[in-house]
Amino acid sequence: DFSKEAVRLSRKWYSEQENLSFIEGNAESLPINDSAFDVVYNVESSHCYGNMRAFVGEVNRVLRAGGHFCWTDFRDKPTMEKLHCIFQDSGFQIVSKREITSEVLVALDEINESKVQGIKESVPRSMRKSFETFAGVQGTPVYEAFKAGNLHYHRYLMVKPE
């Protein structure tokens with residue numbers, strides 16, 4: 001994680017898990033050895049990265065031959081088209097890809113009330129709108145962009161060729 005505090009908390013919460021570790025780092029310059037992993041799983045964070053080509057290159061570098069890259073996130077249509085080209089240009093074989101916006105909206109609707117309640121109970125009033133937007137609560141710009149078809153959720157499964 002990019003956040004030292006998030007890494008600290010994760011280490012604390014999962015200290016008894018033997019096969020799990022957390023490190024602080026930048027996704028565009030991973031502090032990981034070449035060919036270190038069989039799987040890289042990236043969910044709902046890459047939309048915050050400044051250089052997707054650098055990130056995808058880093059994923060390719062740290063994956064072993066035959067390793068899998070699982071990616072899920074949201075983009076507008078033109079940005080997703082560019083990202084698809086980045087995936088292809090990086091040498092990954094795209095095993096499957098699918099837009100999952102409708103499923104995400106169903107899930108957001110199903111848990112909306114519990115999110116609103118949790119935010120109300122746990123977050124200072126002055127910060128609630130930010131948390132609601134981050135959580136995709138109904139009526140927020142992110143949620144409404146999904147509903148209007150301006151943002152789309154995608155999932156990709158890719159493999160690094162042998």
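**Exercise 1. Work out what share of the contacts with a separation of 6 or more joins residues 24 or more positions apart.**

Solution. Take the contacts in the protein with a separation of 6 or more. Pick out those between residues 24 or more positions apart. They account for 69%. Keep in mind that the model is predicted.

**Exercise 2. Describe the protein by its helices and strands, its order along the sequence and its box.**

Solution. Start with the count: 6 helices and 4 strands. Next, read along the sequence. The pattern is α-β-α-β-α-β-α-α-α-β. Then place the C-alpha atoms along the principal axes. They fill a box of roughly 50 × 40 × 25 Å.

**Exercise 3. Find the largest nonpolar core and say which elements supply it.**

Solution. First, size: this core has 18 residues. Second, its centre of contacts. Phe-55, Phe-69, Trp-71 and Phe-87 have the most contacts inside it. Third, the suppliers. At least two residues each come from α2 (52-62), β2 (63-75), α3 (77-89) and β4 (152-159). Among the contributors, α2 gives the most, with 5 residues.

Now take Trp-71 and leave aside its neighbours within four places in sequence. Its contacts include Phe-55 and Phe-87. Also among them are Met-52, Met-80, Leu-83 and Met-158. Asn-42, Ser-46, His-154, Arg-155 and Tyr-156 are in contact with Trp-71 too.

Last, look for a further core. Another one, of 10 residues, lies apart from the largest. Leu-105, Leu-108, Tyr-143 and Tyr-153 are among its residues. As background, nonpolar side chains in soluble globular proteins tend to be buried together.

**Exercise 4. Account for burial, exposed area and charge placement in the whole protein.**

Solution. Burial comes first. Of the 162 residues, 34% are buried. Then the surface: the protein exposes about 10300 Å². Carbon and sulfur atoms supply 52% of that area. Finally, the charges. There are 20 positive and 23 negative ones, and their mean positions are 3 Å apart.

**Exercise 5. Decide how many disulfides there are, then classify Cys-70 and Cys-85 as buried, partly exposed or exposed.**

Solution. Apply the cut-off: the two cysteine sulfur atoms must be within 2.5 Å. The count comes to 0 disulfides. Check Cys-70 against this. Its nearest cysteine sulfur is that of Cys-48, 20 Å away. Cys-70 is therefore in no disulfide.

For burial, the limit is under 20% relative accessible area. Cys-70 has 15%, so Cys-70 is buried. Exposed would need over 50%. Cys-85 has 39%, so Cys-85 is partly exposed.

How values were computed:
Residues numbered from 1 in each chain as written. Predicted model: local features only at pLDDT ≥ 70, side-chain atom pairs only at ≥ 80, totals over all residues. Heavy atoms only, no water. Core = buried A, V, L, I, M, F, W, Y, C linked by side-chain atoms within 4.5 Å. Buried < 20%, exposed > 50% of the residue type's maximum accessible area, 1.4 Å probe, protein only. Contact = heavy atoms within 4.5 Å. Areas by Shrake-Rupley, 256 points an atom, 1.4 Å probe, with all protein chains shown as cover. Lys, Arg positive; Asp, Glu negative; His and termini not counted. Charge placed at Lys NZ, Arg CZ, Asp CG, Glu CD.
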